[in-house]
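Biologist: I am new to this structure and would like a close look at a single part. Please pick one strand, go through its partners and one of its residues, and then set that residue beside the charged pairs found elsewhere.

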Amino acid sequence: MAIPCLPTALLAGFILLVAPPPWPAVSATDHVIGDSIWSIPTSNDHYRLWASNRTFYAGDNLVFRFDTGMYNVMQVGRGEYDACTAEDPYQIFDTSPAVYHIEFPDVRYFISSIGNYCSLGVKIWLPSEKRP
């Protein structure tokens, strides 16, 4: 077996370090929910309409900005989302900004459990996809 000479090995290593990878670099996107503050909207479908023209990918972040103490964010199941209850939430975020990292493609449901805010429209469901 031939042993490569040192200059050839160094050149090969240098090319690997400076040559761009054959695939494009992909960075996560931070999605500020509603493009504003997580609060009681002017219509019950405000957050759903906001999400309808966006694509969320595994690796992205959902950023909920809200007045700490006045609002919260809870990740819940579909039934709790539909009923606006939070009896067994997956996650609770009480301080703002709350950042939820999307680890894998799925549908996620979020509500605020403060008062009747959920029934007033402080809720959103978001499907996410695998990044192409």
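Modeller: What follows starts with one strand, moves to a residue in it, and ends with the salt bridges. The model is predicted, so local features are described only at pLDDT of at least 70 and side-chain atom pairs only at pLDDT 80 or more, while totals for chains, interfaces and linings use all residues. Residues are numbered from 1 along each chain as its sequence is written, and side-chain values use heavy atoms, with hydrogens and water left out.

The part chosen is strand S7, residues 107–111 (strands are DSSP runs of E, at least two residues; helices are runs of H or I, at least four; both are numbered from the N terminus). Four of its five residues are buried, so S7 is largely enclosed by the rest of the structure (buried is under 20% relative accessible area, exposed over 50%, partly exposed in between, with a 1.4 Å probe and protein chains only).

S7 pairs with strand S4, residues 73–76, through three bridges, and the two run antiparallel (pairing needs at least two DSSP bridges). Within this pairing, methionine 74 has isoleucine 111 of S7 as its bridge partner. S7 is also joined to strand S8, residues 123–129, by five bridges, again in an antiparallel arrangement. Here arginine 108 is matched with leucine 126 of S8.

Arginine 108 belongs to strand S7 and deserves a separate look. Arginine 108 is buried and yet has no salt bridge (a side-chain nitrogen of Lys or Arg within 4 Å of a carboxyl oxygen of Asp or Glu). Its nearest side chain of opposite charge belongs to aspartate 106, at 5.2 Å (Lys and Arg count as positive, Asp and Glu as negative; His and chain ends are not counted). What its side chain does reach is the backbone oxygen of phenylalanine 104, at 2.6 Å. Leaving aside residues up to four places away in sequence, arginine 108 touches Gln75, Tyr100, Ile102, Glu103, Ile124, Trp125, Leu126 and Ser128 (contact means heavy atoms within 4.5 Å).

Salt bridges do occur elsewhere: the whole structure has three. One joins arginine 54 and aspartate 35, with 2.7 Å from N to O. That pair links distant parts of the chain, 19 residues apart: arginine 54 is in the loop between helix H2 (46–52) and strand S2 (56–57), and aspartate 35 is in the loop between S1 and H2. Arginine 54 is partly exposed at 26% relative accessibility, whereas aspartate 35 is exposed at 51%.

Another salt bridge is made by arginine 131 and aspartate 60, whose closest N and O atoms are 2.4 Å apart. Arginine 131 is in the segment after S8 and aspartate 60 in the loop between S2 and S3, so this pair ties together parts that are 71 residues apart in sequence. Arginine 131 is partly exposed, with a relative accessible area of 24%, but aspartate 60 is buried, at 1%.

There is also a salt bridge between arginine 78 and aspartate 82, at 3.1 Å from N to O. These two are four residues apart in helix H3 (residues 78–83), so about one helical turn separates them. Aspartate 82 counts as partly exposed, with 47% relative accessibility.

Conventions:
A polar contact is a pair of N or O atoms within 3.5 Å; within protein, one must be able to donate a hydrogen and the other to accept it, and residues adjacent in sequence count only if both atoms are side-chain atoms.
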